[in-house]
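What follows is a guided reading of one protein model, meant to be taken alongside the sequence and the coordinates. Please keep both in view while the paragraphs move from one part to the next.

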Amino acid sequence: MRHSGGCCPWDDEAITVDFTRVRPEVDQVVFTVNSFAGVTFDKVGHAYCRVVDDTTGGELARYTVSGGGTHTTQIMAKLVRLRVGWQLAAIGEPAAGE
């Protein structure tokens, strides 16, 4: 995985995963957004998170986390490895993070 600036000018941060390099025994990857400073998402302005297919540029999942409640973690999505490739399961659930 690589953490960098966003892929688009309006993205502040991005995490890129090259799924061709994920070890064969890994069958799921879960994406979360965490406020490690402990600021709850109801106090964060204009924040969103999204999953994008880098090869097509297509947005696979998007969640607005601003004003989203008094939680500090958002479970975005889960990618599950199948015989034919990876399948996205969008989740979008708040959670308690530390």
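**Charged pairs**

At 39% relative accessibility, Glu59 falls between the limits of 20% for buried and 50% for exposed, and therefore counts as partly exposed. The model in which this value was computed is a predicted one, and that should be kept in mind for everything below. The partner of Glu59 is Arg62, for the two side chains meet in a salt bridge with an N to O distance of 3.1 Å. Arg62, at 40% relative accessibility, is likewise placed in the partly exposed class, because this value also lies between the two limits.

How many salt bridges does the rule count in the model? The count comes to two, and besides the pair just described there is one between the side chains of Glu25 and Arg23, where the N to O distance is 2.6 Å. In this pair both Glu25 and Arg23 are exposed. As a general matter, side chains of opposite charge can pair when their charged atoms come close.

**The three-stranded sheet**

From the charged pairs we can turn to the strands. Three strands form an open sheet in the order S3-S6-S7, and their pairing is antiparallel. Strand S3, residues 28-34, and strand S7, residues 85-95, are at the edges of this sheet, and because each has a single partner strand, one side of each is left without a neighbour in the sheet. From one strand to the next, the twist averages 15°.

Strand S6, which covers residues 73-82, pairs with S7 over nine bridges in the antiparallel sense, and a hairpin of two residues joins S6 to S7. Along this pairing, Leu79 is set opposite Leu88 in S7, while Ile75 is set opposite Glu93 in S7. The pairing of S3 with S6 is also antiparallel and runs over seven bridges. Here Leu79 appears again, since in S6 this residue is the bridge partner of Val29. In general, the strands of a sheet pair through backbone hydrogen bonds, either parallel or antiparallel.

**The nonpolar core**

Which residues have the most contacts inside the largest nonpolar core? They are Phe31, Cys49, Val51, Tyr63, Val65 and Met76, in a core that has 14 residues. At least two residues of this core are supplied by each of S3, S4, S5 (59-64) and S6, and the largest share, three residues, comes from S6. For Val65, once neighbours within four places in sequence are left aside, the contacts are with Phe41, Ala47, Tyr48, Cys49 and Gln74.

**A buried serine in a loop**

The last stop is Ser35, which is found in the loop between S3 and strand S4, the latter spanning residues 48-52. Is Ser35 buried or exposed? Its relative accessibility is 16%, and because buried means under 20%, Ser35 counts as buried. A polar atom of the Ser35 side chain lies 2.7 Å from the backbone oxygen of Val39. When residues up to four places away in sequence are not counted, Ser35 touches Phe41 and Thr72. Phe41 thus links two parts of this reading, being in contact with Ser35 and also with Val65.

Definitions and conventions
Residues are numbered from 1 along each chain as its sequence is written. This is a predicted model: local features need pLDDT of at least 70, side-chain atom pairs count only at pLDDT 80 or more; totals for chains, interfaces and linings use all residues. Side-chain values use heavy atoms; hydrogens and water are left out. Two strands pair if DSSP finds at least two bridges between them. Helices (H or I, at least four residues) and strands (E, at least two) are DSSP runs, numbered from the N terminus. Axes are lines fitted to C-alpha atoms, for helices over the stretch in contact, and angles run from 0 to 180 degrees between N-to-C directions. Buried means under 20% relative accessible area, exposed over 50%, partly exposed in between (1.4 Å probe, protein chains only). A polar contact is a pair of N or O atoms within 3.5 Å; within protein, one must be able to donate a hydrogen and the other to accept it, and residues adjacent in sequence count only if both atoms are side-chain atoms. Contact means heavy atoms within 4.5 Å. A nonpolar core is a set of buried Ala, Val, Leu, Ile, Met, Phe, Trp, Tyr and Cys residues joined through side-chain atoms within 4.5 Å. A salt bridge is a side-chain nitrogen of Lys or Arg within 4 Å of a carboxyl oxygen of Asp or Glu.
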